[in-house]
Structure formats: structure tokens, C-alpha cells
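Dear colleague,

I am handing over a structure that I would like you to look at with me. Please open it first, and then read my notes beside it.

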Amino acid sequence: MTTQAAEPDIWCHDGQTRYLAGDLHTTPLGYDRHDLDVGQQLPLPSSVDLVARLADCTQIEIALHGKLGDSLLALAAVRATAEWLALRRGTPVRVTVTGPHTALFARTSLPRLDVLGPSDHRQVMIADREGATTRGPGTYLICDPAAPPCWSTDGQAHPDLPARHYLALERRLGVRLPATGPFTPLLYARSNAKVHQLHTAHWLDGLTIAAITATSWPQLKDYGADRFTEAAERIARHTHAPVRLLLIGAKTDADTQTTARAEPPRGNLQILHLDGMPAEDLADLLPQTDLVLGNDTGLTHLAALARNPNGAGPHVIGLYARHSHSKWRTGLPHHHAIATPASERMHQGDLCPVRDHLDQPTDTDLTAITPAAVADLATRLLAGRR
């Protein structure tokens with residue numbers, strides 16, 4: 001469901017919304033995926049040189065060394081390549097990991113994945129520009145988030161970045177691949193001493209909300225701890241339930257490890273500041289919560305991809321100011337959006353303010369998204385979960 005909220009300047013998008021091709025600017029994929037069996041040749045020519053370069057590869061290396069959010073959403077390209085090689089070879093290929101996200105990526109749902117060790121396998125590296133520079137010569141597939149368009153097929157648009165990466169590779173490799181969407185691999189939580197301590201201290205009892213205040217671009221993406229706190233207070237009033245709010249902040253220059261600081265209780269709301277918690281620990285913590293609120297940043301994408309050992313995860317509401325909310329989501333049904341008019345226009349026109357060199361519009365202020373609007377959407381989602 002897509003609605004314009006009571007505030008005239010914001011839009012709410014439910015993660016289960018499926019966008020019709022006629023409602024957005026899209027690039028036709030050139031075939032209807034529903035009409036093709038898995039493994040069937042596409043009615044389009046493949047990229048002959050690409051197929052030839054990859055045909056003999058028996059191993060994939062994930063060499064995504066750049067921003068966390070870009071890297072997480074690019075895992076769909078790893079999935080597409082692994083599935084194509086498995087179809088071609090008749091057995092899954094080994095997937096290894098290098099770079100700053102190694103510990104995190106080692107827990108994905110990709111088959112036969114482990115950390116990198118000595119190997120004489122002929123491999124293809126799924127990389128970004130940083131990873132290619134670091135790894136040196138080799139056979140690469142470069143994941144550029146600006147490159148793949150919003151594809152459409154079977155009358156449906158596929159605007160999220162994982163779908164763009166996956167379908168772009170399917171089209172170039174010339175074979176109908178298995179996934180029907182969502183296209184991104186998931187991350188699974190593990191046993192974690194820090195999370196166990198939070199359980200023991202009862203911070204994960206009852207209705208638990210995590211709010212991501214850390215962001216790489218505070219000038220445009222910082223909603224602020226105060227606004228998240230007001231939204232949590234409203235949720236506590238709407239639900240008539242005790243709420244625990246975990247404010248996930250960035251590491252400061254003085255921090256050498258995670259710091260935790262509790263505020264005095266505010267009625268039904270208890271607040272814990274968690275600053276500097278590594279992404280690997282957050283992948284274990286966030287699936288234990290009921291709701292995650294976040295800026296348009298990598299940790300919010302992480303929250304949407306992370307699952308507890310039972311395969312469940314929280315509702316995630318991302319707040320989008322300048323970039324397309326649909327492109328910078330995971331495509332998962334529990335990943336929702338509240339967007340400014342500028343973000344809504346980027347979504348509808350398949351535009352990017354960086355790639356397309358657009359001037360900074362005046363309607364990108366996240367403060368247009370009121371805590372009341374955040375609380376209203378969150379309350380509806382939580383009511384449906386119970």
C-alpha cells in the first residue's frame with residue numbers, strides 16, 4: 001500500500017507494495033520472466049564475451065570493500081552469478097569473502113560460503129571500485145549502484161537495487177535464473193555475548209524498538225535522536241505497552257569499544273544509548289527487536305536483511321529525503337519507507353541526484369517527516385504483527 005500521509009509533504013510506502021510498470025519510468029527487460037522456466041535461454045542474445053570469461057570459473061570472491069549499504073545490496077549480484085554457475089556446472093560453486101565486511105558477509109544465505117583461504121580455483125570477483133583497486137588484476141564483475149536501471153517485466157516494476165543488479169546479470173548472461181524476488185541474500189544472527197547481556201538486563205523484553213541515529217551524511221540524513229525518541233513515546237501511548245528504545249549511534253573518536261548509557265525512565269519508555277556497536281554485532285542484535293527506525297544508511301539496510309535463527313526479523317521503516325526510497329530498499333516485504341516529495345520524484349522518474357547531477361531541491365528536509373507520522377505507520381505495522 002502506498003499512501004500520502006496526513007502531512008501533505010510525505011509519502012508512506014508499505015514494503016509489500018508492488019509497483020506497476022506504467023506508474024514509474026522503467027526499462028523493459030525484454031521478456032516476461034513468468035513465461036520462462038528456470039535455466040531456459042532468454043529470447044535475447046547473451047553477452048558473448050562475459051559468458052566466455054565466466055564459463056570456466058569454479059569460485060566466486062566477494063570483493064565489496066566500499067560503503068556498507070552499497071555492499072549489502074550488491075550481494076544480489078553474487079547470488080545471480082552463483083546461481084548461473086550452479087546451473088551451468090550442475091553443482092554449487094564455492095563463494096569466498098575478502099575486505100572490511102568479511103565477518104558480516106560470512107553469515108549470508110549464499111551456498112558454500114566461507115572466508116578466503118589458499119585456492120587454485122579459477123574465480124570471478126564480484127567487486128566495487130574499491131575492491132578492484134585493492135585486489136589487483138583478475139576477472140571482475142563490477143557493481144556500480146548508479147548503473148542498473150529500474151527494470152520492468154510481466155507488467156511489474158523492479159525498482160530496488162538488489163533486483164536491478166540481479167536482473168541486469170540475468171539479462172547479460174542470457175539464462176532465466178531461479179529467483180523471483182526478493183532477490184537479495186539474507187544475513188543470519190549468531191550467538192553473541194553482547195546481545196546476551198542485553199537480554200539478561202531485560203532490554204529486549206516486551207516491545208523493543210531500535211533507532212539508527214548513525215549516518216554517513218548528517219546534513220541530509222540525520223533525523224535525530226530526539227525525533228526518534230518522540231516517535232517511540234507516541235508508539236508507547238498508541239500501543240499502551242512498555243517500550244524499550246535502543247538508540248544506535250556511531251562510534252566517536254574517543255570510543256575504543258561499544259558504549260552503553262541508559263536514561264531515566266520516561267513513563268512507559270526506557271531508553272538505552274548504544275554507540276559504536278560494530279555491524280557484526282548489530283546483525284545479531286537487530287533481529288531480536290520488533291521494529292527498527294532508521295535514516296537512509298547502511299545499518300538500516302542491514303536491519304532489513306538480518307534474521308534471527310528462526311528466520312524472523314523486525315519491521316524496518318527507512319526515512320528518505322533525497323534519494324529514491326524504492327531503489328535504496330532491499331525489496332523485502334517488511335522493509336517500509338516514509339519519503340519526502342524529492343525522494344518520491346526520484347522514485348517515480350528513476351532518477352539519482354548524484355548520477356544525474358541534479359540541483360539540491362528545497363523539499364529534502366527530513367524534518368518534514370514528523371514523529372507523529374513515523375509513529376502512526378509503526379503502530380499499524382506492529383498491530384498487524386501481533
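What follows is an account of one helix, its surroundings and one loop residue.

This is a predicted model, in which local features need pLDDT of at least 70 and side-chain atom pairs count only at pLDDT 80 or more, while totals for chains, interfaces and linings use all residues. Residues are numbered from 1 along each chain as its sequence is written, and side-chain values use heavy atoms, with hydrogens and water left out.

Helix α6 covers residues 161-173, and because a helix is expected to span 1.5 Å times one less than its number of residues, its 13 residues should span 18 Å, which agrees with the 18 Å between its end C-alpha atoms. (Helices are DSSP runs of H or I with at least four residues, and strands are runs of E with at least two, numbered from the N terminus.) Eleven of the 13 residues of α6 are buried, meaning under 20% relative accessible area, with exposed over 50% and partly exposed in between, for a 1.4 Å probe and protein chains only. Among the elements that cover these buried residues are α1, α3 and β8.

The axes of α3 and α6, which are lines fitted to C-alpha atoms over the stretch in contact (heavy atoms within 4.5 Å), come within 7 Å and cross at roughly 30 degrees. The two helices are therefore roughly parallel, a term for angles under 35 degrees.

Just after α6, Gly174 takes a positive phi of about 80 degrees.

Elsewhere, His202 lies in the loop between α7 and β12, and it counts as partly exposed because its relative accessibility is 46%.

Best wishes

Note on methods:
Axes fitted to C-alpha atoms, helices over the stretch in contact; angles between N-to-C directions. Parallel < 35°, antiparallel > 145°, perpendicular 65-115°, else oblique.
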